[in-house]
Amino acid sequence: MKTLDVTALGARARASGNRRRAFGFAKPVVVLVAGVAIAFAITAVGAPAAEPMSPAPPLPGSPLPTPPLPPPQPQSFRTIEVTGSGEAHVAPDVASLNLAIETHAATAQQSAGQNAALAQKVVDALTTKLQGKGKVWTGGYSLYPEYGESSRPGDKPMVTGYRAENSITVETGEIGLLGGLIDTAINAGANRINFLNFTLRDESQARSQAIALAAKDAQAQADSLAKSLGVTLGPVVKATTEAQTGPTPMMRMGAMAMSSSMGAPTPVQPNEVTVPATVSITYQIQ
């Protein structure tokens, strides 16, 4: 019997396996030793991975997958829309008094100096009269020349003097002090009152009252409209409100200045402050 050199065969098998691995595949190497078959299994390197299996088609008679439902469509219904208005009337609790000091002089320096002295006198007098129940501030200062008529046509107008103006504002919650404040300012040197306004510090409560009245007005209009159309009111689909700026009571300058010049106390009787509101409601009808 012929004897094989196992060592030499193993070396040749390893060399052959290396060459096969370089190409990414290999086959088993069989070596016969003493009539016994010995297999050297060499695993392939770099072999392509098995592809994932595609899902099997549904069997005959099996239910098909349910498609997704389409999005719900908005429902259409009939509606009516009404707009109501309401007003709340309340007594004011804040007053703003604006007055002015106007001076005239031959030069700008003289007019400005006189105006500054009078403005300071008026501010001091008002501050003393308020006794901490309000505040005083100045603003709106102006100084400009005054021109006279020329004696001959075509001549440039000549400057005849200068006028200075300074405005002072007083704000207080003591409505009963207004008459005395006006008299004090005029006696101290103020010669013009621009306006006297009455407002509310917080109008939220009055605004809520006005909105409630406007909603009731809208509801009454909707009931009347539905009855006339022969339909029944359904639920409210939409409701909106719009705040409005109400008129502010204002006192003119003429009557106040006249009363003060006659020596009588200036009467101040403010009107109520009106706070309006508007409400729009959309109803579904049946």
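This is a short walk through one sheet and the two helices packed against it, in a predicted model.

I'll start with the sheet. It is open, with 4 strands in the order E5-E6-E4-E7 and antiparallel pairing. E5 and E7, the latter being residues 192-199, sit at the edges with a single partner strand each, so one side of each has no neighbour in the sheet. From one strand to the next, the twist averages 15°.

Now the pairings. Strand E5 covers residues 134-148, and its antiparallel pairing with E6 runs over 13 bridges. Two positions on E5 can serve as register marks if you are following along in the viewer. Lys135 is opposite Glu171 of E6, and Leu143 is opposite Ala164 of E6. On to the next pair: E4, residues 94-105, is joined to E6, residues 158-172, by 11 bridges, and these two strands are antiparallel. To fix the register there, take His104, whose bridge partner in E6 is Arg163. As a reminder when you look at side chains, in a regular strand they alternate between the two faces of the sheet.

Next, the helices. Which strands does H2 touch? H2 packs on the sheet against E4, E5 and E6, and its direction makes about 15° with that of E6. H3 lies across E4, E6 and E7, and runs at about 160° to E7.

That leaves the contact between the helices themselves. H2 is residues 108-130 and H3 is residues 178-188; their axes come within 8 Å and cross at roughly 155°. Angles over 145 degrees count as roughly antiparallel, and H2 and H3 are therefore roughly antiparallel to each other. The crossing of H2 past H3 is right-handed.

Which residues make this contact? From H2 they are Leu118, Lys121, Val122, Ala125, Leu126, Lys129 and Leu130, and from H3 they are Gly180, Leu181, Thr184, Ala185 and Ala188. Sorted by class, the contact between H2 and H3 has 8 nonpolar residues, 2 polar and 2 charged.

To put the pieces together: the strand order is E5-E6-E4-E7, H2 touches E4, E5 and E6, and H3 lies across E4, E6 and E7. That is the arrangement; I'll stop there.

Note on methods: Residues are numbered from 1 along each chain as its sequence is written. This is a predicted model: local features need pLDDT of at least 70, side-chain atom pairs count only at pLDDT 80 or more; totals for chains, interfaces and linings use all residues. Side-chain values use heavy atoms; hydrogens and water are left out. Axes are lines fitted to C-alpha atoms, for helices over the stretch in contact, and angles run from 0 to 180 degrees between N-to-C directions. Angles under 35 degrees count as roughly parallel, over 145 as roughly antiparallel, 65 to 115 as roughly perpendicular and the rest as oblique. A crossing is left-handed if the near helix is turned anticlockwise from the far one by less than a right angle, and right-handed if clockwise. Contact means heavy atoms within 4.5 Å. Ala, Val, Leu, Ile, Met, Phe, Trp, Tyr, Cys and Pro count as nonpolar, Asp, Glu, Lys and Arg as charged, and the others, Gly among them, as polar. Two strands pair if DSSP finds at least two bridges between them.
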